[in-house]
Amino acid sequence: MGNKDKENKKEKEQKVEKKDKKEKKDKKNKDEKQIEKYNKKGRISNEYYEREIAKLQAELVRLQYWVKHKQLKVVLIMEGRDAAGKGGTIKRITEPLNPRGCRIVALEKPSDKERGQWYFERYIQSLPSAGEIVIFDRSWYNRAGVEHVMGFCTNDEYEEFLRSCPEFERMLVRSGIILLKYWFSVSDDEQERRLKDRVSDPAKRWKFSPMDLESWNKWVEFSKAKDTMFQYTDIKQAPWYVVESDEKKKARLNCIAHILSMIPYEDVTPEPFELPARKIHSDYIRPPKGDQNIVPEVY
């Protein structure tokens, strides 16, 4: 084949490749345009939500690789009223992540031993090691909210918390921890609707406790406690970020997008590789299935 023929062949291949790329790009743009962002009720449509959450979760995976690569320590605090949407957001954050590098901390009420310790001590035990992400589903801010409003701590303990918490968090940040604090804000009407849904649905009823009922009757007291908490603990080194959560899907997207924007990261995802052919061992004979206890195929 002459040089001219080679050049013509190469030029033809480049044109085909360019055409394929353009067609793929046009198809992608067309698919994105076909998905409506909002439904008839003015809320995020299911199709748009599923597409966007998939994109964000892919970025969360890249972020986790970066956290491990750089040996970062990340703490996410999720606070808010009952049924504000914290749990659903946490679930969407952790779904695609490696559980070996991402933990959820949701502590029970303190034991007698823990009540005799420095207040922050039991939370310190759950802080991340290098390369870890830890999500607190409620946190040391219990003292500023439920413990204070429901009378589970003294006024002196409450006031000491408001004084010491900012210093505690500054210490965490100085030690190298990336600390992001989120407050999920839900309206009283939407919270009432969600709590009624929990009571009526057996699959969700476990989420509702007698404490939730008492908290429901103290809406104003909890509002005042939250305002005071923000006044003392919304500090420069660890500010509060409010997530409007009346619309759950929008809240999840906004919160995850914000997390990704607050932690600079690069894509260090391992390159794909081919799985080698499995070696054949002719001397191995698999035992008969009849000798095993097989789970019945009822589906």
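Here are some notes on the fold as a whole, on helix α3 and its packing, and on V75 in strand β1.

1. Overall picture. Keep in mind that this is a predicted model. The chain has eleven helices and five strands. It runs to 299 residues, and 34% of them count as buried. The exposed surface comes to about 20500 Å², with 51% of that supplied by carbon and sulfur atoms.

2. Contacts along the sequence. If you take the contacts in the chain with a separation of 6 or more, 76% of them are between residues 24 or more positions apart. V75, in point 6, gives you one such long-range pair to look at: its C-alpha atom and that of I178 are 103 residues apart along the chain.

3. Helix α3 is mostly covered. This helix spans residues 86-94, and seven of its nine residues are buried. The buried ones are K86, G88, T89, I90, R92, I93 and T94, so you'll find two charged residues, K86 and R92, in that list by the under-20% cut-off for relative accessible area.

4. What does the covering of α3? For its buried residues, the cover includes two helices, α2 (46-70) and α11, along with the strands β1, β2 (102-105), β3 (132-137) and β4 (177-185).

5. The α3/α11 packing. α11 takes in residues 248-262, and it packs on α3 at an angle of about 50°, the axes being 10 Å apart. That angle makes α3 oblique to α11, and the crossing is right-handed. On the α3 side the contact is made by G88, T89, R92 and I93; on the α11 side, by R252, C255, I256 and I259. Sorted by class, the contact has four nonpolar, two polar and two charged residues. The spacing is worth a glance while you have the helices on screen: residues three or four places apart in an α-helix point the same way, because there are 3.6 residues a turn. The four contact residues of α3 also appear among its buried ones: G88, T89, R92 and I93.

6. V75 in β1. Strand β1 covers residues 73-80 and contains V75. Is V75 buried or exposed? Its relative accessible area is 0%, so V75 is buried. Leaving aside residues up to four places away in sequence, V75 touches L127, P128, V134, F136, I177, I178, L179 and L180. With I178, the C-alpha separation is 6.0 Å. β1 itself, the strand that holds V75, is also among the elements covering the buried residues of α3.

Methods: Residues are numbered from 1 along each chain as its sequence is written. This is a predicted model: local features need pLDDT of at least 70, side-chain atom pairs count only at pLDDT 80 or more; totals for chains, interfaces and linings use all residues. Side-chain values use heavy atoms; hydrogens and water are left out. Axes are lines fitted to C-alpha atoms, for helices over the stretch in contact, and angles run from 0 to 180 degrees between N-to-C directions. Angles under 35 degrees count as roughly parallel, over 145 as roughly antiparallel, 65 to 115 as roughly perpendicular and the rest as oblique. A crossing is left-handed if the near helix is turned anticlockwise from the far one by less than a right angle, and right-handed if clockwise. Contact means heavy atoms within 4.5 Å. Buried means under 20% relative accessible area, exposed over 50%, partly exposed in between (1.4 Å probe, protein chains only). Accessible areas come from the Shrake-Rupley method with a 1.4 Å probe; for residues, only the protein chains shown count as cover.
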